[in-house]
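Visitor: I am new to this structure and would like a close look at a single part of it, the surface that meets the DNA. Please take me through that part slowly, and then show me what lies behind it.

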Amino acid sequence: MEPRNRNGRGRKLGLSFYQQSGEALARALIGKVLVHRVEGKQLRGRIVETEAYLGPADLASHSSKGRTKRTEVMFGRAGYAYVYFIYGMYEMFNIVAGMTGHAHAVLVRAAEPLDGWDADLSGPGKLATRFGILRSDNGADLTGDKLFLLDRGDRPEIGVSPRIGIDYAGEWVDTPLRFFDLASNAVSGPKGRTRGAGKTRS
DNA sequence: GCATCGATGGTG
DNA sequence: ACCATCGATGCA
């Protein structure tokens, strides 16, 4: 018989999945499927790149600036979305991880579109925009049925590197908290294969 | 292919 | 003033 929540396309992940450290969750997210139901449609993508942010001690984390209106959701229970606006243009989609109060979170940086969806999801700004994830989704509950994750049983081979774009983070700049699917060509940045349409010829 | 730069507005 | 980014531009 089918497990409950079996969708034919994977099993929906529940609260306990999110209640692991940011580092463990960031690694576990590679290969999972992000689903966003909006306006009668369903957008789905397979996550291939993430970064962990480990709370106030982590100088790269927004939570290191303290508990503010912006960072409040990170200090709450795991499994909520932390969505923030940056560079005057982009939304960033994160998932709150770990124990309540620890303010761990995982930035979802890249995914492969599914179901024939033709979209470039290689980069956190592009991913959030194309998934239709907005600041108004800050605090959304991923154990709900609008924005959530599926486990298909994928076991991708995972690469690790320092995080991108955090040169201000002191001793944390080189900490290897970025995770990615070694076999995916949708990974952004270093180690990723942003391979174009194959124009290697002259 | 790689380095540099400007857009654009919330945040502390 | 800075920023968990991106696309355009210039040059090789």
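Guide: What follows goes from the DNA strands to the residues beside them, and then to the interior.

This is a predicted model, in which local features need pLDDT of at least 70 and side-chain atom pairs count only at pLDDT 80 or more, while totals for chains, interfaces and linings use all residues. Residues are numbered from 1 along each chain as its sequence is written, chains are lettered from A and ligands numbered from 1 in the order in which they are written, and side-chain values use heavy atoms, with hydrogens and water left out.

We can begin with DNA strand C, which has 21 residues around it, and of these Y90, M92, N94, G165 and Y168 come nearest (a residue is near a strand if one of its heavy atoms lies within 4 Å of it). By kind, the residues of this surface divide into 13 nonpolar, five polar and three charged, where Ala, Val, Leu, Ile, Met, Phe, Trp, Tyr, Cys and Pro count as nonpolar, Asp, Glu, Lys and Arg as charged, and the others, Gly among them, as polar. At least two residues of the surface are supplied by each of strand 4 (81–86), strand 5 (90–97), strand 6 (104–113) and helix 3 (124–131), and the largest share, four residues, comes from helix 3. Such elements are DSSP runs numbered from the N terminus, helices being H or I runs of at least four residues and strands E runs of at least two.

On the DNA side, 61% of the atoms of DNA strand C within 4 Å of the protein belong to sugar or phosphate, and the rest belong to bases. A phosphate oxygen of DNA strand C is 3.0 Å from a polar backbone atom of G125, whereas a base nitrogen of the strand is 3.4 Å from a polar backbone atom of A60. A base nitrogen of DNA strand C is also 2.9 Å from an N or O atom in the side chain of H62.

H62 deserves a longer look. The residue is placed in the loop between strand 3 and strand 4, and at 19% relative accessibility H62 counts as buried (buried means under 20% relative accessible area, exposed over 50%, and partly exposed in between, with a 1.4 Å probe and protein chains only). The side chain of H62 makes a polar contact of 2.7 Å with the side chain of Y82; a polar contact is a pair of N or O atoms within 3.5 Å, and within protein one must be able to donate a hydrogen and the other to accept it, while residues adjacent in sequence count only if both atoms are side-chain atoms. Not counting residues up to four places away in sequence, H62 touches R70, T71, M74, Y82 and Y84, contact meaning heavy atoms within 4.5 Å.

S63 lies in the loop between strand 3 (41–54) and strand 4, and S63 is buried, with a relative accessible area of 1%. Leaving aside neighbours within four places in sequence, S63 is in contact with G55, P56, T71, M74, F75 and A103.

DNA strand B is surrounded by T68, R70, F85, Y87, G88, M89 and R135, which divide into three nonpolar, two polar and two charged. Of the atoms of DNA strand B within 4 Å of the protein, 57% belong to sugar or phosphate and the rest to bases. A polar side-chain atom of T68 lies 2.5 Å from a phosphate oxygen of this strand, a backbone N or O atom of Y87 lies 2.4 Å from a base oxygen, and a polar backbone atom of G88 is 3.4 Å from a base nitrogen.

Turning to the interior, the largest nonpolar core has 32 residues, and those with the most contacts inside it are Y18, L34, F93, I95 and L149. A nonpolar core is a set of buried Ala, Val, Leu, Ile, Met, Phe, Trp, Tyr and Cys residues joined through side-chain atoms within 4.5 Å. Strand 3 gives the most to this core, with four residues. A second, separate core of 14 residues includes Y53, Y82, M92 and A105.

Finally, A111 lies in strand 6 and, at 1% relative accessibility, counts as buried. A111 and L127 are 16 residues apart in sequence and 7.2 Å apart in space, C-alpha to C-alpha.
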